Amino acid sequence: AKLRSGSTGEPVPISRTIVNRVMETQEAILSADAAGDSRFVSSKSISALPIRSLMCAPLIDSEGNSFGALQIDTLGVSNRFEGSDLEVLVSVAAQASVAIDNARLYEYTLRQRTIERDLELAHQIQRGFLPKQAPRIPGHEFYEYYRSAHRVGGDFYDYVSLPDGRIAVVVADIVGHGLAAAMLTAKLAANVRFCLLSEARPEKAITQLNASLTRELVEDHFVTLVAAVLAPQTGRLTIVNAGHMLPILRRTDGQIRELGNEQANLPLGVVREIEYRECTIELASGEVLTLYTDGVSDAMNDAGQRYGVERVRSQIESAGDTPAQLGRNVIEDVRRFTGECVQRDDMCLICFDRK
C-alpha cells in the first residue's frame, strides 16, 4: 500500500468486499462513489470508509487463477476516476500479473532444482546401502534386479556374510515409497546386519530386529522382510518370513513350491512381542530360489490389471535353468506386461541356486 502524501504509519483501510468480488469475477470495477454504490450497499466496511472514488483490477496468473488485486482510491469528491483511468489500471494489472507470475515460477524452479539435487544425493546415498556386487561363492550363482519407482525407494536387499561361513540373503519392503521410505532403509540396513551377526539362529535374529524396529519406526510404518540363510557347503537353507512375499523354489524337474507359508508372521514394526519361526530345507543341486517384492507382482498395465503372483510362478516354472535366465525371464515378462505404463512401486528380485 502506498499513499500519495507518504506513509502515516497507520494501516491503509481496504474493503475485502471489493477485492473478493474482483478476484471472484475477474472483472475490474470502477465506482465513482463507493459508499453510495448500489453494488456494495450491504457492505458495512465500505460505508465506514472515507473512500469516494475507486478502481480495482484483478491479478491473474498464467493458468487463469486470481491471486490478488490492484486497487486505487481517492478521498477527494472532485477527483473521481473515469473509464480511461480504469483502462490504464487494467493494462498495468495485466503487466503486473505477468511479472509477478514469472517471479513466482522462477522461485518455484529454483526450489525444484534444490529438491532435485537433494533427491540425487539421496539416491546416491541409498545406493551405497545396497551391495556393490553379488556374492562369489563356489557352487552357487546369484542374480539380482533392483529398480525404484522414483529417484529413491523403499525396497531393500542385502547379502550378509556370517562368521560361520553362511550367507544371509535379505529382501525387504518398507511400506510406501519415495523419500520417507528411503530414509528408513538406512536404519533397516544397519539393524539387519547387527541382528544377523549377533544371533546365530535366523528366527531369533529377526525377532530381535522386530523388537528394535517396533521401538524406532514412526507411526503407520512397517517393513515386510524375508531372510534366507544359506550354508554353501551343505545347501542347508533356513528361511524366516515377516509378512513378505513367499520365496519360490524351482526344482530340477521344473516344479515350483512356495516356502515357509506356515511359519510366516506379521511384518516388522507392527507388534513388538512376536516370536518369528524359521523353516529349513536342503537346497538340492540344480534348484533355484527366488525372493522378490510386491512391486513385481503388483505391476500394472494400462488396463489397470495386476501382473499377479500366479504369473510370477508361471514365469519361474518356464524359465531357463540358471538364476540369471530365470530372473531375466520374470523381469522381461513384467516389462512386456506393463508396456509404457509408469512404474508405480519399487521392484526387487533375487535368484540363487546350488550347482
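Arginine 127 first. In this predicted model, arginine 127 lies in helix α3, which runs over residues 83–129. Is arginine 127 buried or exposed? Neither label fits: at 38% relative accessibility, arginine 127 counts as partly exposed. Now look across to phenylalanine 156. The two residues are 29 apart along the chain, and their C-alpha atoms are separated by 9.7 Å.

Step back to the whole protein. How many helices and strands are there? The count is 8 helices and 13 strands. The protein has 355 residues, and 45% of them are buried. On contacts, take those with a sequence separation of 6 or more. Of these, 67% join residues 24 or more positions apart.

Next, the nonpolar cores. The largest has 51 residues. Which residues have the most contacts inside that core? They are Leu188, Val223, Leu225, Leu268, Leu289 and Phe352. Take leucine 289 from that list. Set aside its neighbours within four places in sequence. Leucine 289 then contacts Ala228, Leu237, Ile239, Pro247, Ile248, Leu249, Leu259, Ile350, Cys351 and Phe352. Note Phe352 there: like leucine 289, Phe352 is among the residues with the most contacts inside the core. There is also a second, separate core. That one has 21 residues, including Ile256, Val312, Leu326 and Phe337.

Keep Leu326 and Phe337 in mind, and go to a helix pair. Helix α7 covers residues 309–318, and helix α8 covers residues 323–338. Their axes come within 9 Å and cross at roughly 135°. Angles over 145 degrees would count as roughly antiparallel, so at roughly 135° α7 is oblique to α8. The crossing of α7 past α8 is right-handed. Which residues make the contact? From α7 come Arg311, Gln315, Ile316 and Ser318. From α8 come Leu326, Asn329, Val330, Asp333 and Phe337. By type, the contact residues divide into 4 nonpolar, 3 polar and 2 charged. Back to the two I flagged: Leu326 and Phe337 sit in this contact, and they also belong to the second core.

Now three loop residues. Start with histidine 244. Where is histidine 244? Histidine 244 sits in the loop between β8 (236–242) and β9 (248–250). The relative accessible area of histidine 244 is 8%. Buried means under 20%, so histidine 244 is buried. What does histidine 244 touch? Not counting residues up to four places away in sequence, the list is Val171, Ala172, Asp173, Thr224, Leu225, Val226, Tyr292 and Thr293. Leu225 is one of the residues with the most contacts inside the largest core.

Second, isoleucine 274. This residue is in the loop between β10 (256–258) and β11 (278–282). Isoleucine 274 counts as buried, at 7% relative accessibility. Leaving aside neighbours within four places in sequence, isoleucine 274 contacts Thr207, Asn210, Asn265 and Leu266. Look at threonine 207 in particular. Isoleucine 274 and threonine 207 are 67 residues apart along the chain, yet their C-alpha atoms are separated by 6.7 Å.

Third, glutamine 26. Its place is the loop between α1 (16–25) and β1 (29–31). What is notable in its backbone? Glutamine 26 has a positive phi of about 55°, although it is not a glycine. As for accessibility, glutamine 26 is partly exposed, with a relative accessible area of 32%.

Notes
Residues are numbered from 1 along each chain as its sequence is written. This is a predicted model: local features need pLDDT of at least 70, side-chain atom pairs count only at pLDDT 80 or more; totals for chains, interfaces and linings use all residues. Side-chain values use heavy atoms; hydrogens and water are left out. Axes are lines fitted to C-alpha atoms, for helices over the stretch in contact, and angles run from 0 to 180 degrees between N-to-C directions. Helices (H or I, at least four residues) and strands (E, at least two) are DSSP runs, numbered from the N terminus. Angles under 35 degrees count as roughly parallel, over 145 as roughly antiparallel, 65 to 115 as roughly perpendicular and the rest as oblique. A crossing is left-handed if the near helix is turned anticlockwise from the far one by less than a right angle, and right-handed if clockwise. Contact means heavy atoms within 4.5 Å. Ala, Val, Leu, Ile, Met, Phe, Trp, Tyr, Cys and Pro count as nonpolar, Asp, Glu, Lys and Arg as charged, and the others, Gly among them, as polar. Buried means under 20% relative accessible area, exposed over 50%, partly exposed in between (1.4 Å probe, protein chains only). A nonpolar core is a set of buried Ala, Val, Leu, Ile, Met, Phe, Trp, Tyr and Cys residues joined through side-chain atoms within 4.5 Å.
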